[in-house]
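Dear colleague,

Please find below the structure that I agreed to pass on to you. My notes on it follow directly after.

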Amino acid sequence: MFDVFGTIRQLLKLDKVKIDNVIFSLHYKVTMVILVSFSLLVTNKQYFGDPIDCMVDALDSHTIDMFCWIQSTFTIPSLTGAVVGEEVAHPGVANRKASTLNDHHHDGEEFAVRHHKYYQWVVLFLFLQAGMFYVPRYMWKSWEGGRVRGLVGELCLPISSPDLRKERINMAVNYFDKNLHHHNLYAYQFFVCELLNFVNVVGQFYFTDRFLDFGFTKYGPRVLDYSQDSSSGHDPMDEIFPKVAKCTFHRFGPSGTIMRHDALCVLPLNILNQKIFVFLWFWFVVVAVISAFGLLYRLATFLPGFRHLLLRGRSRLASAEKVEAISTKCHIGDWFILYLVARNMDPYVFKEFIN
């Protein structure tokens with residue numbers, strides 16, 4: 001297990017110079033690592049065995065396994081609540097015409113089948129989602145261009161050479177003197193990336209819903225309701241990710257007639273897929289809600305008074321009068337880059353910078 005997840009250690013490395021905030025890192029750092037971890041976990045056969053094992057007479061098991069994995073399997077969602085061992089062989093697994101069901105079904109009724117074509121693409125789908133969560137971060141790093149790192153330099157360290165510290169502070173002060181009121185585009189680029197984060201997590205929710213044949217929108221609440229009260233009998237996890245399903249294989253017989261073979265397929269990976277997408281449903285909702293509050297916070301930063309309070313909180317060691325004098329001169333772009341510098345500088349060094 002350590003070998004599996006050891007490959008993603010680089011993704012967890014913290015940056016020495018922070019150019020974004022905690023909510024931003026929820027997307028490109030935490031969510032991306034979660035999705036990559038799930039993608040790696042699904043690929044490991046030593047924990048869950050082969051992705052599919054099918055049983056059918058008179059056919060080579062390897063052939064039918066490959067065919068059903070490529071072609072897809074199917075179940076009958078309306079029968080996931082039927083009594084196993086009496087009405088059906090497994091949840092949702094029965095004949096297309098189920099004539100042996102009890103009174104709450106009509107005899108001989110044709111039940112609609114659901115084809116499951118997505119489970120073989122789960123690994124690539126999760127990896128694609130991880131990449132899409134990183135796109136806004138990639139855009140911001142390209143636009144930011146290392147400006148904060150260049151301003152802060154060694155000033156993020158609590159101990160540094162006095163001469164070097166004085167030189168770096170003078171460089172930063174000169175930069176702000178020459179470029180005051182020219183940072184609005186810099187700030188708006190970050191704000192656009194924050195908005196993209198929110199749009200992406202909402203879009204991923206509906207993208208996943210489309211991937212799972214529109215079974216994801218209510219997946220989390222349905223699983224939660226079923227775990228608290230299973231009297232309904234319909235397990236939503238078995239509907240979307242069945243552990244046992246059917247597959248139909250046709251071939252020519254000795255006389256040239258078409259022979260139909262019904263295979264019963266066990267899908268061990270779905271025991272993991274069930275839990276992964278339940279977790280992702282709640283995680284996407286949490287991240288979307290937090291991101292929405294982050295956008296409200298961003299709108300509040302357009303108020304000069306609120307910006308002053310935030311900058312005052314970051315420069316707690318500096319004189320309140322001096323911070324206010326600087327804050328009143330700053331446009332929103334100037335305030336934004338000054339706030340990032342304050343996040344990365346040692347508090348005592350930032351006090352000297354403010355002075």
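**Salt bridges**

Asp262 and Arg260 form a salt bridge in which the closest N and O atoms are 3.4 Å apart; the term denotes a side-chain nitrogen of Lys or Arg within 4 Å of a carboxyl oxygen of Asp or Glu. Please note that this is a predicted model, in which local features need pLDDT of at least 70 and side-chain atom pairs count only at pLDDT 80 or more, while totals for chains, interfaces and linings use all residues. Residues are numbered from 1 along each chain as its sequence is written, and side-chain values use heavy atoms, with hydrogens and water left out.

Asp262 is partly exposed, because its relative accessibility is 36%, and Arg260 is likewise partly exposed at 47%. Here buried means under 20% relative accessible area, exposed means over 50%, and partly exposed lies in between (1.4 Å probe, protein chains only). Asp15, Asp20 and Arg137 are joined into one network by salt bridges that share partners.

In total, the structure holds eight salt bridges. One of them pairs the side chains of Arg165 and Glu352, at 3.7 Å from N to O. This pair links distant parts of the chain, since Arg165 lies in helix H7 (residues 162-179) and Glu352 in helix H15 (residues 347-354), 187 residues apart. Helices (H or I, at least four residues) and strands (E, at least two) are DSSP runs, numbered from the N terminus. Arg165 has a relative accessible area of 24% and is therefore partly exposed; Glu352, at 37%, is also partly exposed.

A further salt bridge joins Glu239 to Arg222, with the closest N and O atoms 3.1 Å apart. Glu239 belongs to helix H10 (residues 236-240) and Arg222 to helix H9 (residues 219-228), so the pair ties together parts that are 17 residues apart in sequence. Glu239 is buried, with a relative accessible area of 10%, whereas Arg222 is partly exposed at 32%.

**Nonpolar cores**

Which residues touch the most other members of the largest nonpolar core? They are Tyr219 and Phe277, in a core of 37 residues. A nonpolar core is a set of buried Ala, Val, Leu, Ile, Met, Phe, Trp, Tyr and Cys residues joined through side-chain atoms within 4.5 Å. Two or more residues of this core come from each of helix H2 (22-42), helix H5 (122-144), helix H8 (184-211), H9, H10 and H11. H11 gives the most, with ten residues.

Leaving aside neighbours within four places in sequence, Phe277 is in contact (heavy atoms within 4.5 Å) with Val122, Phe125, Leu126, Thr208, Phe211, Leu212, Phe216, Tyr219 and Phe241. A second, separate core has 36 residues, among them Tyr28, Leu151, Leu311 and Phe350.

Ile337 is located in helix H14 (residues 332-344) and is buried, because its relative accessibility is 0%. Beyond the residues up to four places away in sequence, Ile337 touches Arg147, Val148, Leu151, Tyr175, Phe176, His183 and Tyr186. Ile337 and Ala187 are 150 residues apart in sequence, yet their C-alpha atoms are 7.5 Å apart in space.

**Helix H11 and the surface**

Tyr188, Val285, Val289, Phe293, Leu296, Leu299 and Phe302 make a nonpolar surface patch of about 670 Å². Patches are made of residues with over 30% relative accessible area and no salt bridge, like charges being joined within 9 Å and nonpolar side chains (Val, Leu, Ile, Met, Phe, Trp, Tyr) within 5 Å. Accessible areas come from the Shrake-Rupley method with a 1.4 Å probe, and for residues only the protein chains shown count as cover. Helix H11 (residues 270-300) supplies the largest share of the patch, five residues.

Val289 lies in H11 and is partly exposed, at 43% relative accessibility. Ser291 is found in H11 as well, but is buried at 5%. The side chain of Ser291 reaches the backbone oxygen of Val287 at 2.7 Å. Not counting neighbours within four places in sequence, Ser291 is in contact with Ile23, His27 and Phe198.

Lastly, Ile258 in strand E7 (residues 258-266) is exposed, with 61% relative accessibility. Ile258 touches His250, Arg251 and Phe252, when residues up to four places away in sequence are left out.

With kind regards

How values were computed: A polar contact is a pair of N or O atoms within 3.5 Å; within protein, one must be able to donate a hydrogen and the other to accept it, and residues adjacent in sequence count only if both atoms are side-chain atoms.
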